[in-house]
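Student: Could you take a close look with me at one part of this model, the surroundings of the ligand? I would like to know which residues and elements make up the shell there.

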Amino acid sequence: MSSVYDAIRRSFRGEFLENEPLSRHTSLKVGGPADLYAVPADLDDLLALVRGLTAHGVPYMPRGGGYNLLVRDGGIRGAVISLERFTQVEQIGPDLIRAWAGAENLAVVRFAQERGLGGIGFISGIPGTIGGAAKMNAGAYGSGLLEWTRSLTLLRRDAVAECGISELDYGYRRLSLLPGDIVLAALFQLEPRDPQQTEEEIRNDFELRRSKHGVGFPSAGSFFKNPPGKASWRLIDAAGMRGAAVGGAQVSEVHSNFLVNRGGATAADFMALAARVKEAVLQTSGIALEEEVRIVGEDA
Ligand SMILES: Cc1cc2nc3c(=O)[nH]c(=O)nc-3n(C[C@H](O)[C@H](O)[C@H](O)COP(=O)(O)OP(=O)(O)OC[C@H]3O[C@@H](n4cnc5c(N)ncnc54)[C@H](O)[C@@H]3O)c2cc1C
């Protein structure tokens, strides 16, 4: 495999790391190595990389900020592509803003605020990037980012394609894409909004998060999706799992839908703890919890 990577590396201009531990690139701080961790310098670099990987049959996956990723301890066979250099945000119409995949959520909210536009203030406190937020349809307070999205620019089958939101299948914390698709940018249709109102939205969100999410240890936010009409944290509490631990992974004492790394946790600890939580909730309430966190990679 390394001769394949040597061939790709020759023309690559970005960062190119082999056997890169993904524990360095995920908020849970666990995860084995990716065969290749690549940070393309620009769109041409990304296109050449994806074409090279595809030609050699090497699988790849995009990473945003790594705030919703649980990578197993054996790591990832193939490439992880970080779009962290794609941070551009631009206004392209009176109420239209295009943000590239690597732009941080808060930076996009701020950009809109400065232009008297708003609507997506609810993502200001969600850690991560626009690419990850689009793929996860990240949201809060009953809103999801894709409701404010007019179209996505995708890298699909080695070519750039604009995809209207009505052509896409999405829902609560999910967007279905084709294998190999990478979100390059999102076009948001916003509303005129007094910058002061947005400021209050941002401040209230941060306050609420500090009081509710201040778990004090590395996490990936809510580990499980909320089942329709239910709050997962209540179900987990009812099952008596608040504070339960496997190795270094623990159900947070502060917010029981947050699984935290108390230090030295492995992905296997998180997987075992998640399985215990699911079993306990199933026994007590008959509800099968589903992970919101994206679980990828191989066991050790
Ligand atoms: C403290 C805390 C609080 C949180 N609160 C919330 C919340 O209120 N609401 C909420 O929805 N989430 C929340 N999260 C979870 C997380 O922040 C979101 O899911 C976020 O959108 C993940 O973005 P990311 O850039 O880190 O994506 P990553 O974690 O890097 O990736 C997530 C998924 O998206 C894919 N992906 C990433 N970039 C791209 C791309 N360019 N194209 C295609 N696919 C891509 C990845 O392959 C992966 O499957 C929280 C997390 C933490 C740690």
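Tutor: Happy to; here is a walk around the ligand, followed by a short look at the rest of the chain. Please keep in mind that this is a predicted model.

Let's begin with the residues themselves. There are 32 residues around the ligand, and those that come nearest are Gly64, Gly128, Gly131, Gly132 and Gly221. Sorted by class, the shell holds 15 nonpolar residues, 13 polar ones and four charged ones.

Next, the elements behind that shell. Four of them supply at least two residues each: strand E3 (60-63), helix H4 (130-136), strand E9 (139-140) and strand E15 (182-189). Helix H4 gives the largest share, with five residues. Two of the nearest glycines, Gly131 and Gly132, fall within the span of that helix, 130-136.

Now for the wider setting. The domain assignment splits the chain into domain 1 (2-82), domain 2 (89-211) and domain 3 (216-296). Over C-alpha atoms, the centres of domain 2 and domain 3 are 27 Å apart.

Finally, a small sheet detail you may like to inspect on screen. Three strands form an open sheet in the order E17-E18-E19, and their pairing is antiparallel. Its edges are strand E17 (245-246) and strand E19 (259-261), each of which pairs on one side only. Strand E17 meets strand E18 (residues 249-251) through two bridges in the antiparallel sense, and Ala245 stands opposite Gln250 of E18.

Conventions: Residues are numbered from 1 along each chain as its sequence is written. This is a predicted model: local features need pLDDT of at least 70, side-chain atom pairs count only at pLDDT 80 or more; totals for chains, interfaces and linings use all residues. A residue is near a molecule or strand if its C-beta atom, placed from the backbone, lies within 6 Å of it. Helices (H or I, at least four residues) and strands (E, at least two) are DSSP runs, numbered from the N terminus. Ala, Val, Leu, Ile, Met, Phe, Trp, Tyr, Cys and Pro count as nonpolar, Asp, Glu, Lys and Arg as charged, and the others, Gly among them, as polar. Domain bounds come from an automatic or database domain assignment. Two strands pair if DSSP finds at least two bridges between them.
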